[in-house]
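Me: Hi! I've just opened this one and could use a friendly tour. Can you help me find my way around?

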Amino acid sequence: AESTVDVGHLDQELGNPLLLRHALDCGVRVIAAHCATVGRNKDLDDPKCPQIESFDLWLRLMDDRQYVGLLFGDISATTSFKRVEALKRLLQRQDLHPRLVFGSD
């Protein structure tokens, strides 16, 4: 059984997938750990900055054509129980499959 550390009270602001844009815009190749499948972050594209699923923010970046060849997603932990909904969505998104990699946990 997989277990993770509950960081509950810790600030996860720096884990926001949208913060990867600067590196991507500089041409850095990025592999997002676990496809950002756990957690919530501010939607920095929305002036109201609502908290939304980190996975949805990562998908937004993956859908941006300028990041094809630069942004990838690691799927090593996506089969864990708490990530099953994201896994279903990843399986449906066949357009993303060439950009998914398996990194060992």
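**Strands and a ring pair**

Reply: Happy to! Strand S4 (residues 71–74) and strand S5 (residues 100–101) run parallel, and two bridges join them. Keep in mind that this is a predicted model.

Me: Which residue stands opposite valine 101 in S5?

Reply: That's aspartate 74. Between S4 and S5 the chain passes through helix H3 (residues 84–92), making a right-handed β-α-β crossover.

Me: How many bridges join S1 to S4?

Reply: Three, and strand S1 (residues 30–32) runs parallel to S4. There, valine 30 is placed opposite leucine 71 of S4.

Me: And the S4 residues, which way do they point?

Reply: Leu71 and Gly73 point one way, while Phe72 and Asp74 point the other way. Buried or exposed, you may ask? All of them are buried.

Me: New topic: how many aromatic pairs are there?

Reply: The count is one. Phenylalanine 55 and tryptophan 58 make a stacked pair, because their ring centres are 5.8 Å apart and their planes sit at 25 degrees, under the 30 degrees that stacking calls for.

Me: Where do phenylalanine 55 and tryptophan 58 lie?

Reply: Both are in helix H2 (residues 54–62). They are three residues apart, which is about one turn of the helix.

Me: Is phenylalanine 55 buried or exposed? And what about tryptophan 58?

Reply: Phenylalanine 55 counts as buried because its relative accessibility is 4%, with the cut-off being under 20%. Tryptophan 58 is at 0%, so tryptophan 58 counts as buried too.

Key:
Residues are numbered from 1 along each chain as its sequence is written. This is a predicted model: local features need pLDDT of at least 70, side-chain atom pairs count only at pLDDT 80 or more; totals for chains, interfaces and linings use all residues. Side-chain values use heavy atoms; hydrogens and water are left out. Buried means under 20% relative accessible area, exposed over 50%, partly exposed in between (1.4 Å probe, protein chains only). Helices (H or I, at least four residues) and strands (E, at least two) are DSSP runs, numbered from the N terminus. Two strands pair if DSSP finds at least two bridges between them. A crossover is right-handed if, with the strands pointing away from the viewer, the path from the first strand over the helix to the second runs clockwise. Rings of Phe, Tyr and Trp (its six-membered ring) pair if their centres lie within 6.5 Å; planes under 30 degrees apart count as stacked, over 60 as edge-to-face and the rest as tilted.
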